[in-house]
Amino acid sequence: MATTSDRIIRLQHVEVRVPDLELATAYYTEVLGLVETARDERDGAPRVFLKCWDEREHHSVILREAPTYGLDHMSFKLNEAGDLDHFTTKLEAAGVPVKRFAARELGPGWGEAIRFESPSGHLVELTHGTERIGNMLPRTNPPPRPQDLIGIAPPRLDHLFVMAEDVEAFTAFFTELLEFRLTEQILANDGHQLATFLEHSHTPHDIAVITGPNGALHHFAFWMDDWNGIREAADALAYHGVTIDVAPTRHGVTRGYTTYFFDPAGNRNELFTGGYWVDPDFEPITWTEEEMGRAIFYYHRQVNERFFTVHS
């Protein structure tokens, strides 16, 4: 039986809205280099399912055609099927309505799942049993990576960053009910949390939240293996005319290396690498409001206004 610390393994997938499905699909497959695995239509809206090359499961990004852009829901992978019952019981005891779905009920490749709403209005899913389709490499004597990758080709989805009017309520929900660990926080001068970083996968963050409108998506991030990958990806983004939000730099929070950019719909993406290992007894790191610039962008020591105001 899974313990408290390992019931949730990591971020499983994100589903985002895009007004032009074919344009967004071309960007995510030809520029970013994700692999299309399926298409379907749900509630009258076409969807495209995508995965990164080194992910073994059916999908990690779902694009849904819609008039607006933004986040439909986030999904986290559970270690065991029984963890669905554990979190259902815990959430319902706290007065949170939970809806349960059978495997494949929500779409191709989907595992059994539960869904509920966070205090910020974000739709959250926990799932187990997503179909495994492999990572494009043989399981015996594999090379380090496939030879026919297209575009930037990040190996996996890494984390999600959202916005909430009440960062403290959001953080309490994820730590107390969903058993995430707090790794870092940015505190206002009055002691309130301006941003928090939470994990289950022993990385600096699987999800983070910053003060802003409820339900808003700030960005979702893909892992790159090293700093050179970040720099080379920025070259590719510039070549293809992708709008770059923040050129390659470094965070103080998480110690990660990064670059930010926008998909054709306006959803912000990030490429991320670096960071540190988080043990279960990790003691959270605190940044003060005066040092927020250095926390977000360590080299520049200031945050551009767009980083706080532009979201989807």
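**Exercise 1.** With which side chain does the side chain of Asn267 make a polar contact? Determine also where Asn267 lies and whether Asn267 is buried or exposed.

*Solution.* The model is predicted.

Step 1. Locate the residue: Asn267 belongs to the loop that joins β15 (256-262) to β16 (268-274).

Step 2. Examine the side chain: the partner in the polar contact is the side chain of Ser312, at 2.9 Å.

Step 3. Judge the accessibility. Buried means under 20% relative accessible area. The relative accessibility of Asn267 is 0%, so Asn267 counts as buried.

Step 4. List the surroundings. When neighbours within four places in sequence are left aside, the contacts of Asn267 include Val16, Arg17, Val18, Tyr69, Gly70 and Ser312.

**Exercise 2.** Establish the strand order of the nine-stranded open sheet, and explain which strands stand at its edges.

*Solution.*

Step 1. Recall the principle: strands of a sheet pair through backbone hydrogen bonds, either parallel or antiparallel.

Step 2. Read the order, which is β14-β15-β16-β13-β9-β12-β11-β10-β17, with mixed pairing.

Step 3. Identify the edges. β14 (244-250) and β17 (285-288) each have a single partner strand, so one side of each lacks a neighbour in the sheet. From one strand to the next, the twist averages 20°.

Step 4. Inspect one pair. Strands β11 (residues 193-199) and β12 (residues 207-211) are antiparallel and joined over four bridges. Leu198 has Ile207, in β12, as its bridge partner.

Step 5. Add the helix on the sheet. Helix α3 (residues 167-177) touches β9 (156-164), β10 (181-187), β11 and β12, and its direction makes about 20° with that of β11.

**Exercise 3.** Describe helix α3, from its ends to its packing against helix α2.

*Solution.*

Step 1. Begin at the N-terminal end, which Asp166 caps: one of its side-chain oxygens lies 3.2 Å from the backbone nitrogen of Glu168.

Step 2. Find the buried residues of α3; they are Val167, Phe170, Thr171, Phe173, Phe174 and Leu177.

Step 3. Look beyond the helix: α3 is followed by Glu179, with a positive phi near 65°.

Step 4. Two packed helices are described by the angle between their axes and the distance between the axes. For α2 (residues 82-93) and α3, the axes come within 11 Å and cross at roughly 135°. This angle makes α2 oblique to α3.

Step 5. Name the residues that meet: Phe87, Lys90 and Leu91 in α2, with Phe173, Glu176 and Leu177 in α3. Four of the residues in this contact are nonpolar, none is polar and two are charged.

Definitions and conventions:
Residues numbered from 1 in each chain as written. Predicted model: local features only at pLDDT ≥ 70, side-chain atom pairs only at ≥ 80, totals over all residues. Heavy atoms only, no water. Helix = DSSP H or I, 4+ residues; strand = E, 2+ residues; numbered from the N terminus. Buried < 20%, exposed > 50% of the residue type's maximum accessible area, 1.4 Å probe, protein only. Polar contact = N/O pair within 3.5 Å; in protein donor to acceptor, adjacent residues only side chain to side chain. Contact = heavy atoms within 4.5 Å. Pairing = 2+ DSSP bridges. Axes fitted to C-alpha atoms, helices over the stretch in contact; angles between N-to-C directions. Parallel < 35°, antiparallel > 145°, perpendicular 65-115°, else oblique. Nonpolar A, V, L, I, M, F, W, Y, C, P; charged D, E, K, R; others polar.
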